[in-house]
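User: I am new to this structure and would like to know how its descriptions are reached. Could you walk me through them?

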Amino acid sequence: MGFWDHRMDRAPTSGRAPAAQPPAAQPPAAQPPAAQPPAPDRASDADDRVARFDVAPPRYRLADVVLPDSARVQLGALVAKVEHHRTLYEAWGLASIDPCGRRVAINLYGPPGTGKTMCAEGIAERLSRPIVTVSYAELESKYVGETPKNIVAAFEAARRHGAVLFFDEADSILGRRLTAVTQSADHGVNVSRSVMLLQLDRFEGVVIFATNLAKNYDGAFVRRILGHVEIPLPDVAGRERLATRLLPPSLPRAHDVTTEWLASISDGLSGGEMLHLVVGAATRAVQRSADAQRLTRDDLEAEALAFRAARHAVGIDAPPPRIDEREATDDESAAVRERRSTVS
Ligand SMILES: Nc1ncnc2c1ncn2[C@@H]1O[C@H](COP(=O)(O)OP(=O)(O)OP(=O)(O)O)[C@@H](O)[C@H]1O
Ligand SMILES: [Mg+2]
């Protein structure tokens, strides 16, 4: 049964489907000797490979994701194309002019932690479909010839379950094919990409790619993708909405830790980074004595500073500002000033 034959029933939106387990009474499968390639394919090998991909109910709704209007409108249009497929392609005859219309490929690109994975799950939730999430590590194999089989199996897993197929870190999978092939490993990369193209051409359903590096995509893949949607870093309004989600009412906090203030100190951070900021700051607060166990500006500022220093150390950010380069506020504590001047 294909993607378009499944009924548009609502899928449960909480809790992951249990991963396929080996039968309880079975002893653990014998491992092949370390240096040996696996035994040649048996008839069930392809089925085993398909079963390795986790089919899960989506954990998020599109409404949960803080997005700029442009991205929300684009995603809404792509979802509508799937929801109205029958009308568009059968009743209105678009199948005659767009024979590839049964494949809807979407590319979500943007910096790390901006909500791309949430969007992929949100799209699946809107379509009432489970999701098969495939990472590069799941496809890659040290054995020559294994990666293409894993790619075929990923598509087959989505087909069998009528699921949305989601390739995370897609730039590693859809990268440019190599022109100067010098080693068998290079040849393997090109074979995998050709197999990916072929599978994409044959696939009838929704496939989503997510990447931080869309510029690395091979042009052949870019052409096959219907919608490229940028999921950018949040602006100040977006950060305020994120801050509202990230400061739940049950989290004890000082009166001056407001959503506006959190948004203002999070300039340049993604939603994922803001999440880490709050979790780190709350962890600082919880270690204090009971009467001081509440989130303060100091906790969040210290965490933000440590965060920016760490990003600088790994070469992805400018150094955190020195105290004399930024406007000091009256309520800024001496401890934070001290920390700021020693880090930079
Ligand atoms: N736009 C957003 N709206 C709501 N929450 C967000 C958003 N962006 C990030 N978050 C928070 O950060 C977490 C990480 O987001 P997510 O995994 O979707 O980012 P990503 O873009 O897929 O990151 P990566 O590129 O590293 O894979 C989410 O679980 C959520 O808590
Ligand atoms: Mg992700």
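**Sheet and helix packing**

Analyst: Gladly! This is a predicted model, where local features need pLDDT of at least 70, side-chain atom pairs count only at pLDDT 80 or more, and totals for chains, interfaces and linings use all residues. Residues are numbered from 1 along each chain as its sequence is written, while chains are lettered from A and ligands numbered from 1 in the order in which they are written.

User: What makes β2 and β6 a pair?

Analyst: Strands are DSSP runs of E with at least two residues, and helices are runs of H or I with at least four, numbered from the N terminus. Two strands pair if DSSP finds at least two bridges between them. Four bridges join β2 (residues 103–109) to β6, so the definition is met, and the two run parallel. In one of these bridges, Ile106 has Gly227 of β6 as its partner.

User: Why is the crossing of α10 and α12 called oblique?

Analyst: Angles run from 0 to 180 degrees between N-to-C directions, with axes fitted to C-alpha atoms, for helices over the stretch in contact. Under 35 degrees counts as roughly parallel, over 145 as roughly antiparallel, 65 to 115 as roughly perpendicular, and the rest as oblique. The axes of α10 (residues 236–246) and α12 (residues 271–286) cross at roughly 40° and come within 10 Å. Therefore α10 is oblique to α12.

User: Which residues of α10 and α12 meet?

Analyst: Contact requires C-beta atoms, placed from the backbone, to lie within 7 Å. Arg239, Leu242 and Leu246 of α10 meet Gly271, Met274, Leu275 and Val278 of α12.

Note on methods. Two residues are in contact if their C-beta atoms, placed from the backbone, lie within 7 Å.
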